[in-house]
Number of protein chains: 2
Amino acid sequence: MAEKKLVEAITSMSEDFAQWYTDVVKKAELIDYSNVKGCMVIKPAGYAIWENIQRQLDERFKAAGVENVYMPMFIPESLLQKEKDHVEGFAPEVAWVTHGGLNPLQERMCVRPTSETLFCDFYKGDIHSYRDLPRVYNQWCSVVRWEKETRPFLRSREFLWQEGHTAHATAAQAQERTEQMLNVYADFCEEVLAIPVVKGRKTEKEKFAGAEATYTIEALMHDGKALQSGTSHNFGDGFAKAFGIQFTDRDNQLKYVHQTSWGMSTRIIGAIIMVHGDDSGLVLPPRIAPTQVMIIPIQQKKEGVLAKAFELQEKLGAFRVKVDDSDKSPGWKFSEQEMRGIPLRVEIGPKDIEAGKCVICRRDNGEKLETALDQLEETVGRLLDQVQNDLLAKARRHLEEHTFTATSREEFEQIFSEKSGFVKAMWCGEQSCEEEVKDSLGVTSRCMPFEQEQLSDTCACCGRPARKMVYWGKAY
Amino acid sequence: MAEKKLVEAITSMSEDFAQWYTDVVKKAELIDYSNVKGCMVIKPAGYAIWENIQRQLDERFKAAGVENVYMPMFIPESLLQKEKDHVEGFAPEVAWVTHGGLNPLQERMCVRPTSETLFCDFYKGDIHSYRDLPRVYNQWCSVVRWEKETRPFLRSREFLWQEGHTAHATAAQAQERTEQMLNVYADFCEEVLAIPVVKGRKTEKEKFAGAEATYTIEALMHDGKALQSGTSHNFGDGFAKAFGIQFTDRDNQLKYVHQTSWGMSTRIIGAIIMVHGDDSGLVLPPRIAPTQVMIIPIQQKKEGVLAKAFELQEKLGAFRVKVDDSDKSPGWKFSEQEMRGIPLRVEIGPKDIEAGKCVICRRDNGEKLETALDQLEETVGRLLDQVQNDLLAKARRHLEEHTFTATSREEFEQIFSEKSGFVKAMWCGEQSCEEEVKDSLGVTSRCMPFEQEQLSDTCACCGRPARKMVYWGKAY
């Protein structure tokens with residue numbers, strides 16, 4: 001019965017993309033809903049993806065001089081209120097702890113929605129001299145935001161993430177770190193997750209509460225909607241002034257530090273699903289797949305078949321390989337492996353053994369090929385690389401084919417009514433214009449990309465003089 | 001100035017052990033107190049130890065068939081109340097969330113003090129058939145217990161840990177898993193942390209709230225006090241009955257599952273400090289040390305010295321090695337390396353370079369030896385192994401020398417008034433006796449060890465007929 005549920009047809013993407021997404025996260029066993037409203041249970045198949053993300057992102061962090069720490073999960077109300085914009089942005093959506101044990105607290109505390117205030121409070125006591133700078137700290141933790149509507153991975157009341165918080169002696173160094181970490185995210189997405197992104201700066205309206213500037217990587221999902229996939233903020237000395245974080249510089253002057261923060265969350269798993277998945281389920285890029293190869297024995301009760309399957313597993317020790325020796329039929333096993341997005345399937349039966357070969361099937365495009373058993377390791381290595389590259393190329397093609405240009409309001413509206421994807425258009429820079437577009441079309445500015453083009457002289461939305469090229473889109 | 005604070009003399013262990021401990025955690029920069037009462041900031045040097053613990057313990061878990069997951073951090077009050085003993089044990093010490101954003105919650109929720117109830121709630125919907133068993137899940141997370149008195153690592157309102165939660169078809173399988181995980185903890189402590197432990201079962205009085213049986217590993221600190229370092233609980237089918245977790249067995253009968261849970265926390269870092277540390281600061285076993293070797297250049301401004309130091313670092317790429325090229329004096333650097341517990345120090349100066357040799361100094365016993373540069377890698381490898389083994393041997397000797405035997409109340413009281421350590425003694429098995437001993441002497445039963453001896457026929461505390469040998473001690 002458990003088998004049946006899994007391989008039962010899922011809703012097709014073209015029929016109902018939102019339902020397809022929900023079917024995949026459930027049937028690939030990534031998450032389960034919990035009885036704690038708005039919170040999810042991340043199951044082994046989902047958490048193993050997060051572990052791979054953590055490991056590979058953390059390696060890149062460490063290579064960039066980042067040190068990991070751990071801050072308390074609670075923020076006293078008075079601390080949250082120290083930076084005006086920040087508290088306005090977050091206070092309406094935090095969970096409040098009011099009692100410890102049987103007693104009411106003297107001051108209520110929220111569960112961290114993000115930890116700028118805690119890091120600032122710590123840095124205030126920890127940083128004294130230019131010798132103490134830079135501080136490049138990060139933590140892996142969970143945070144809570146009291147969202148009204150939730151969706152697995154994309155928006156939930158509690159989610160897992162990392163948050164980096166740095167302090168620097170100069171504005172230039174803070175800006176450099178902000179961009180450096182954005183590039184770490186962008187490279188990670190492309191090289192590991194096979195997700196191409198657009199890099200740019202958020203408008204004033206869309207920037208983080210308390211930031212001087214917010215930078216973002218925006219990815220395009222299969223349905224043409226955008227997903228903000230990682231952000232990096234430059235705070236200037238705003239938080240430092242609110243918290244009084246000063247240091248004695250080489251010139252003996254007391255100065256405020258300049259700060260940054262940057263984060264990526266379990267939300268990115270939603271991006272993996274919606275960029276690569278298809279009507280048979282999940283499709284995982286090999287570099288992030290917890291299992292890269294599933295060996296499925298055919299006629300496994302025949303003598304020597306299972307033994308050969310395990311022998312091949314051992315031979316493929318350089319990769320993450322499993323053997324499905326359950327008592328399900330090969331057909332079920334194929335469907336399961338497809339639903340779970342395992343990049344390669346190796347089929348091995350009595351006839352294959354006799355002929356000294358096996359069949360390999362690619363999850364991403366269904367291609368099958370035969371390989372001699374003594375070339376299996378080499379073939380698997382080559383195919384995994386190819387799948388990884390092909391997934392990135394395909395996603396890049398999709399991004400290009402769904403990025404449009406508009407130079408007038410008519411064009412802008414027509415594209416968003418007929419097509420789905422990013423629209424590049426010139427913008428006047430006025431927040432009122434952005435708000436009008438959002439209210440009337442449900443479209444938001446995703447970013448002002450680093451790679452600017454001069455598409456026209458006037459704002460495509462309102463006709464005023466153009467100041468910046470913006471990527472617009474409907475977003476998750 | 002920052003240097004001065006660090007290498008300033010710390011309180012000696014013999015003068016005031018508690019103050020020595022506080023000095024070490026502060027001056028080795030493992031933690032900092034935070035403005036969130038009872039919560040600590042784990043700084044890079046402390047968190048790097050926890051990362052090494054996580055990595056190596058998690059490897060052992062995976063080899064034992066454990067899968068990682070993530071459950072919500074909140075427990076609705078009604079869920080916490082489902083198992084009677086469990087709620088009585090934990091309700092008085094949880095933090096309560098009563099508001100989400102601007103609105104009061106319909107039902108208040110606590111921040112998890114431990115997650116039995118959440119796993120049970122999940123398993124209830126997830127387990128249907130014997131095919132779904134066993135479930136061997138674990139999560140790495142933080143938990144909150146509203147303690148009144150707190151000490152860094154040993155007792156804080158929030159701490160990091162892992163908690164394993166399993167479900168099995170039979171009582172025998174649950175018991176087997178309970179013992180298996182206790183052994184994983186014991187082996188990890190001995191092989192990685194160089195901490196020998198006593199394995200045994202907790203008395204009824206000391207067992208976990210809701211458990212049928214609790215097993216523990218108990219370590220002896222340098223001051224002769226015990227530290228409970230890891231626990232493994234067998235719940236039988238108690239939680240399963242409270243939550244209704246049933247499965248259809250092979251015989252088509254509906255049965256309750258049998259469950260276990262097991263945990264190890266950041267508390268174990270307190271054990272590392274108090275087992276191995278000395279009057280110069282922290283002493284880290286090589287297998288857990290974030291930095292295993294610190295290379296300290298002598299006369300580093302002379303041409304070629306720094307270059308040689310970095311060349312040696314590269315040569316030692318198989319180990320975790322740093323070069324201290326700061327502008328502090330070598331003396332300061334030595335003290336810092338000692339305070340931070342880095343197992344080996346390599347000193348390299350112009351004369352050494354000329355002679356093709358360097359000096360290596362062991363942190364654990366201060367021994368210095370010269371080695372030819374072309375044998376450095378081999379020597380460092382050998383020394384790290386030796387330090388690891390010697391630390392375990394020393395800790396084992398300390399445990400043996402501070403484990404006493406009492407066969408009468410006089411002897412029992414005399415030992416606890418004159419000496420410090422474990423006392424092995426026969427016990428009647430009565431909770432009233434245990435309580436009397438705790439009230440009058442401040443001594444608690446640590447465990448009924450697996451390795452039982454028949455020391456006398458009567459209880460050393462009350463004179464009634466003896467039933468079990470118990471390890472007694474004063475505990476953190």
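This tour moves from chain A as a whole to its main sheet, then to the contact with chain B, and ends at a single residue. The model is predicted.

**Stop 1: chain A as a whole**

Select chain A and display it as a cartoon. Chain A contains 15 helices and 23 strands. Its radius of gyration is 25 Å, close to the 23 Å that the globule rule gives for 476 residues, so chain A is as compact as a globular protein of that length. The C-alpha trace spans about 80 × 60 × 45 Å along the principal axes of the chain. Of the 476 residues, 48% count as buried. Among the contacts in chain A with a separation of 6 or more, 68% are made by residues 24 or more positions apart.

**Stop 2: the sheet of eleven strands**

Remaining in chain A, select the strands of the open sheet, whose order is 3-7-8-14-11-10-9-22-23-21-20. The sheet has eleven strands, and their pairing is mixed. At its edges stand strand 3 and strand 20 (403-405) of chain A; each has a single partner strand, so one side of each is left without a neighbour in the sheet.

Within this sheet, select residues 226-236 and residues 258-265 of chain A, which are strand 11 and strand 14. These two strands pair in the antiparallel sense over five bridges. To inspect one pair of residues, show N234(A), whose bridge partner in strand 14 of chain A is T260(A).

Next, add residues 171-191 of chain A, which form helix 7. Helix 7 lies across strand 8, strand 9 (198-201), strand 10 (213-220), strand 11 and strand 14 of chain A. Relative to strand 11 of chain A, helix 7 runs at about 165 degrees.

**Stop 3: where chain A touches chain B**

Now display chain B as well. In the contact between the chains, 42 residues of chain A meet 44 residues of chain B. The elements that give two or more residues to the chain A side include helix 3 (44-63), helix 6 (116-126) and strand 8 (158-168) of chain A. Which element provides the largest share of that side? It is strand 5 of chain A, with six residues. By class, the side of chain A that touches chain B has 25 nonpolar, eight polar and nine charged residues.

Select strand 5 in both chains, residues 95-100 in chain B. The two strands run antiparallel and are joined by five bridges. Show V97(A) together with its bridge partner in strand 5 of chain B, V97(B).

**Stop 4: the relation between the chains**

Keep V97(A) in view and consider how one chain maps onto the other. A turn of 180 degrees with a shift of 0.0 Å along the axis lays chain A on chain B with an RMSD of 0.0 Å. That is the relation of a two-fold axis. Of the residues of chain A, V97(A) comes closest to the rotation axis, with its C-alpha at 2.1 Å. Of the interface residues of chain A, 100% are also interface residues in chain B, so the copies meet through the same surface.

**Stop 5: M221(B)**

Finally, select M221(B), in the loop between strand 10 (213-220) and strand 11 (226-236) of chain B. Is M221(B) buried or exposed? M221(B) is buried, because 25 other C-beta atoms lie within 10 Å, and 20 or more suffice for that class. Leaving aside neighbours within four places in sequence, M221(B) is in contact with L227(B), M274(B) and V275(B). For a distance across the chain, select K37(B), 184 residues from M221(B) along the chain; the two C-alpha atoms are separated by 27 Å.

Notes. Residues numbered from 1 in each chain as written. Chains lettered and ligands numbered in written order. Predicted model: local features only at pLDDT ≥ 70, side-chain atom pairs only at ≥ 80, totals over all residues. Contact = placed C-beta atoms within 7 Å. Helix = DSSP H or I, 4+ residues; strand = E, 2+ residues; numbered from the N terminus. Nonpolar A, V, L, I, M, F, W, Y, C, P; charged D, E, K, R; others polar. Pairing = 2+ DSSP bridges. Least-squares fit on C-alpha atoms with pLDDT ≥ 70 in both. Rg over C-alpha atoms; globule rule 2.2 N^0.38 Å. Buried ≥ 20, exposed ≤ 12 C-beta atoms within 10 Å, placed from the backbone. Axes fitted to C-alpha atoms, helices over the stretch in contact; angles between N-to-C directions.
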